[in-house]
Amino acid sequence: MSETETAPAARLWTQEGFREDEWVHAETAEALAGNRRVILPLTAFLALDEDTRALNAGRIGVHILPGEAIEAILPHLPALPLVSLAFPAFNDGRSYSKAELLRTRHGYGGVVRASGDVLIDQIPLMLRTGFTEFEVTNPT
C-alpha cells in the first residue's frame, strides 16, 4: 500500500445487515478515557487492573490474534460483552476453533466478532461456529 492509499474502512455486518459499529479498536487503555466502547488487544486487556475492568464493565472488548490462547480471558468471560477474533488472512482458520470453543466448551453468550480478512464465502461457516458480527473490509 503506498503512502497515498488508505486501508479500506471496516463495515460491520450482522444477520440483520450492515449497521453502524459502536465499538472502536484501540491499542492502549488510554482510549477508555472517553465514553465509547473499546476493543483492546489481549495484552492490553490483561494489563488492566481489576478496578479499571470493573469501572468500565460493559464497554471493554478484547481482540485475540490467531496465535494467542483464549484461556487467558476465561475468568473474564462473564464481564466481557464482546470478543473479537482476528483473521489476518482468509486462509488462517485458527479463529474458527476459538469461536467454537467459546460457545460450546465455555458457554460464552456475548458477541463473537470476526475481524480482518473476512470473505462473504466464509460467513455461513462462521455463523455455524459461533460468530455473530463481522468486520468486513473486502469491497465485494
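Me: Let's start with two rings. Are Phe87 and Phe131 buried or exposed?
Reply: Good place to begin, and keep in mind that we are looking at a predicted model. A residue counts as buried when its relative accessible area is under 20%. Both Phe87 and Phe131 meet that mark, so the word for the two of them is buried.

Me: How many aromatic pairs are there, and is the pair of Trp13 and Phe134 stacked, edge-to-face or tilted?
Reply: The count comes to 5 aromatic pairs. In the pair of Trp13 and Phe134, the ring centres are 5.6 Å apart and the planes meet at 45°. Planes under 30 degrees apart would be stacked and those over 60 edge-to-face. An angle of 45° fits neither, so this pair is tilted.

Me: How many residues apart are Trp13 and Phe134 in the chain?
Reply: Look at where each one sits: Trp13 is in strand E1 (residues 11-14), while Phe134 is in strand E8. The pair therefore links distant parts of the chain. Trp13 counts as buried at 19% relative accessibility, and Phe134 does too, at 0%. Along the chain, the separation is 121 residues.

Me: What is the angle between the planes of Phe87 and Phe131?
Reply: These two rings also form a tilted pair, with 5.7 Å from centre to centre. Phe87 belongs to strand E6 and Phe131 to the loop between H4 and E8, 44 residues apart, which makes this another link between distant parts of the chain. The angle between their planes is 55°.

Me: Which residues form one aromatic cluster?
Reply: We have already met Trp13 and Phe134 as a pair, and Phe87 and Phe131 as another. The cluster takes in these four and Tyr96 as well. Its members are Trp13, Phe87, Tyr96, Phe131 and Phe134.

Me: Which residues have the most contacts inside the largest nonpolar core?
Reply: In soluble globular proteins, nonpolar side chains tend to be buried together. Here the largest nonpolar core has 32 residues. Elements that give two or more residues to this core include E4, helix H1 (42-47), helix H4 (123-129) and E8. The residues with the most contacts inside the core are Ile73, Val83, Leu102, Phe131 and Phe134.

Me: Which residues is Ile73 in contact with, leaving aside its neighbours within four places in sequence?
Reply: Ile73 is a good one to click on, as it is among the residues with the most contacts inside the core. With those sequence neighbours left out, its contacts are Leu42, Phe45, Val62, Ile64, Leu80, Val83 and Leu102.

Me: Now for the sheet. Which strands stand at the edges?
Reply: The open sheet has 8 strands in the order E2-E1-E8-E7-E6-E5-E4-E3, and its pairing is mixed. Read the order from end to end: a strand at an end has a single partner, so one of its sides is left without a neighbour in the sheet. The edge strands are E2 (17-19) and E3 (23-25).

Me: How many residues of E5 are buried?
Reply: In a regular strand the side chains alternate between the two faces of the sheet. On one side of E5 we find Ile60, Val62 and Ile64, and on the other Gly61 and His63, and both faces are covered. The number buried in E5 is 5 of its 5 residues.

Me: In E5, which residue is the bridge partner of Leu40?
Reply: Strand E4 (residues 37-41) and strand E5 (residues 60-64) run parallel and are joined by 4 bridges. Follow the partners along: Val38 is matched with Ile60, and Ile39 with Gly61. For Leu40, the partner is Val62.

Me: Which strands does helix H3 lie across?
Reply: Helix H3 covers residues 94-104 and runs at about 160° to E6. H3 is also one of the elements that give two or more residues to the core. The strands it lies across are E5, E6 (82-87) and E7 (111-116).

Me: Which side chains does Glu135 join through polar contacts?
Reply: Glu135 lies in strand E8 (residues 133-136) and counts as buried, at 8% relative accessibility. One of its polar contacts is 2.8 Å, to Arg113. Another is 3.1 Å, to Ser115. The side chains asked for are those of Arg113 and Ser115.

Conventions: Residues are numbered from 1 along each chain as its sequence is written. This is a predicted model: local features need pLDDT of at least 70, side-chain atom pairs count only at pLDDT 80 or more; totals for chains, interfaces and linings use all residues. Side-chain values use heavy atoms; hydrogens and water are left out. Two strands pair if DSSP finds at least two bridges between them. Contact means heavy atoms within 4.5 Å. Axes are lines fitted to C-alpha atoms, for helices over the stretch in contact, and angles run from 0 to 180 degrees between N-to-C directions. Buried means under 20% relative accessible area, exposed over 50%, partly exposed in between (1.4 Å probe, protein chains only). A polar contact is a pair of N or O atoms within 3.5 Å; within protein, one must be able to donate a hydrogen and the other to accept it, and residues adjacent in sequence count only if both atoms are side-chain atoms. A nonpolar core is a set of buried Ala, Val, Leu, Ile, Met, Phe, Trp, Tyr and Cys residues joined through side-chain atoms within 4.5 Å. Rings of Phe, Tyr and Trp (its six-membered ring) pair if their centres lie within 6.5 Å; planes under 30 degrees apart count as stacked, over 60 as edge-to-face and the rest as tilted.
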